[in-house]
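Trainee: Could you pick one part of this structure and take a close look at it with me? I would like to see how that part connects to the rest.

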Amino acid sequence: MIRQKAWWTAMSFPRLAGVAAFGFAFLIVMGNVVVAPAGLPRTGADIAEVTSFFGTEGGLVGVGSALTPAAWALATLFGAGAVAALRQSESARGEAWSLVGFAGVVLQNAAFAGVIAIRLAIASTTSQDTSATLGLWALHDALFTLNGTFLALALVGLSIGGRRAGLIRPWHRTWGLLSAALLFTSATLAPLVIDHTGPLGLLGLFGWLMWVVWLAAYGTALIRHAPVPSPAPRHATVG
């Protein structure tokens, strides 16, 4: 009796990572679709607006946060798959751009876990102690904005590495580097972004939207990626 392999074992790891990239992009968009229309306060919002939203929409915040653990797991799988697809080419050149990108993916997971944890903490304490909300929201805004640094690392590392390995097209690399520039600028100007609601906040927003498009395009590239077969092992011969 011949057993058929499950689809996730029959698929190459980079292609599995490409599917994960689409899943990650979908979940982070859905997480925002859940809370943004309900009035999730923007960075630098007045504390009264924050208290009002989390006091009335705490359940919705919980629903949105439920999507994030799966998103972080898929993001890690995507980053690892990108490394798997690029490492042979990079090793030959003595480079490690994919590792820079993977570090950015892992660090953004950790940073955004903090953001979600703070949102859940505010939702659970607002009705009991509004004095805690002020400090928690300030920390939320700082961490949310500074997370652009890690997204920029992921974009730069995987864009340069992907292009040098021939995995992605020139426009895709340029798109990723532009998105990275917007996100890194937003993170650099974090004090101004946090203290002044206005055009500066759009830097991170546009950079993030470009990041989602970049993710989907990278997922497509990984799915189309044809793995290079490993060379057959050499056997020593006795003369």
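Mentor: Gladly, and let me start with a term we will need: a residue counts as buried under 20% relative accessible area, as exposed over 50%, and as partly exposed in between. Please keep in mind that this is a predicted model. The part I would choose is helix α6, residues 97-125.

A little context helps before we zoom in. The protein chain has eleven helices and zero strands. Of its 239 residues, 39% count as buried. Among contacts with a separation of 6 or more, 78% are between residues 24 or more positions apart.

Now to α6 and its partner, helix α8 (residues 148-164). The axes of the two are 7 Å apart and meet at an angle of about 155°. Since angles over 145 degrees count as roughly antiparallel, α6 and α8 are therefore roughly antiparallel to each other. Their crossing is left-handed. On the α6 side, the contact is made by W97, S98, V100, G101, G104, V105, L107, Q108 and A111. On the α8 side, the residues include F150, L151, A154, G157, G161 and R164.

Let us stay with one of those α6 residues, Q108. With a relative accessible area of 5%, Q108 is buried, because that value is under 20%. Leaving aside neighbours within four places in sequence, Q108 is in contact with F24, A75, N147, F150 and L151. Of these, F150 and L151 also belong to the α8 side of the helix contact. F24, for its part, belongs to an aromatic cluster together with F78, W211, W214 and Y218.

Further along α6 comes F112, which brings us to the aromatic rings. The whole structure holds eight aromatic pairs. One of them joins F112 and F144 in a tilted arrangement, 6.0 Å centre to centre and with 50° between the planes. It links distant parts of the chain, as F112 sits in α6 and F144 in helix α7 (residues 131-146), 32 residues apart. F144 is partly exposed, because its relative accessible area of 34% falls between the two cut-offs.

α6 also takes part in the packing around helix α4 (residues 58-65), where V61, G64 and S65 are buried. Seen down the axis of α4, these buried residues fall within an arc of 95°, so they line one face of the helix. They pack against α6, and also against α2 (13-35), α3 (47-56) and α5 (68-93). On α2 you will find V33, whose C-alpha atom is 8.5 Å from that of G64, although the two are 31 residues apart along the chain. V33 itself is partly exposed, with a relative accessible area of 44%.

Finally, return to the aromatic cluster, which holds W211, W214 and Y218. These three are among the residues with which helix α11 (residues 200-224) makes contact with helix α9 (residues 170-188). On the α9 side, W171, H172 and W175 are among the residues involved. The axes of α9 and α11 come within 8 Å and cross at roughly 150°. Here again the cut-off is over 145 degrees, so α9 and α11 are roughly antiparallel to each other. The crossing of α9 and α11 is left-handed, and that of α6 and α8 is left-handed too.

Key. Residues numbered from 1 in each chain as written. Predicted model: local features only at pLDDT ≥ 70, side-chain atom pairs only at ≥ 80, totals over all residues. Heavy atoms only, no water. Buried < 20%, exposed > 50% of the residue type's maximum accessible area, 1.4 Å probe, protein only. Helix = DSSP H or I, 4+ residues; strand = E, 2+ residues; numbered from the N terminus. Arc of directions from axis to C-beta. Contact = heavy atoms within 4.5 Å. Phe/Tyr/Trp six-rings, centres within 6.5 Å; stacked < 30°, edge-to-face > 60°. Axes fitted to C-alpha atoms, helices over the stretch in contact; angles between N-to-C directions. Parallel < 35°, antiparallel > 145°, perpendicular 65-115°, else oblique. Left-handed = near helix turned anticlockwise from the far one by under 90°.
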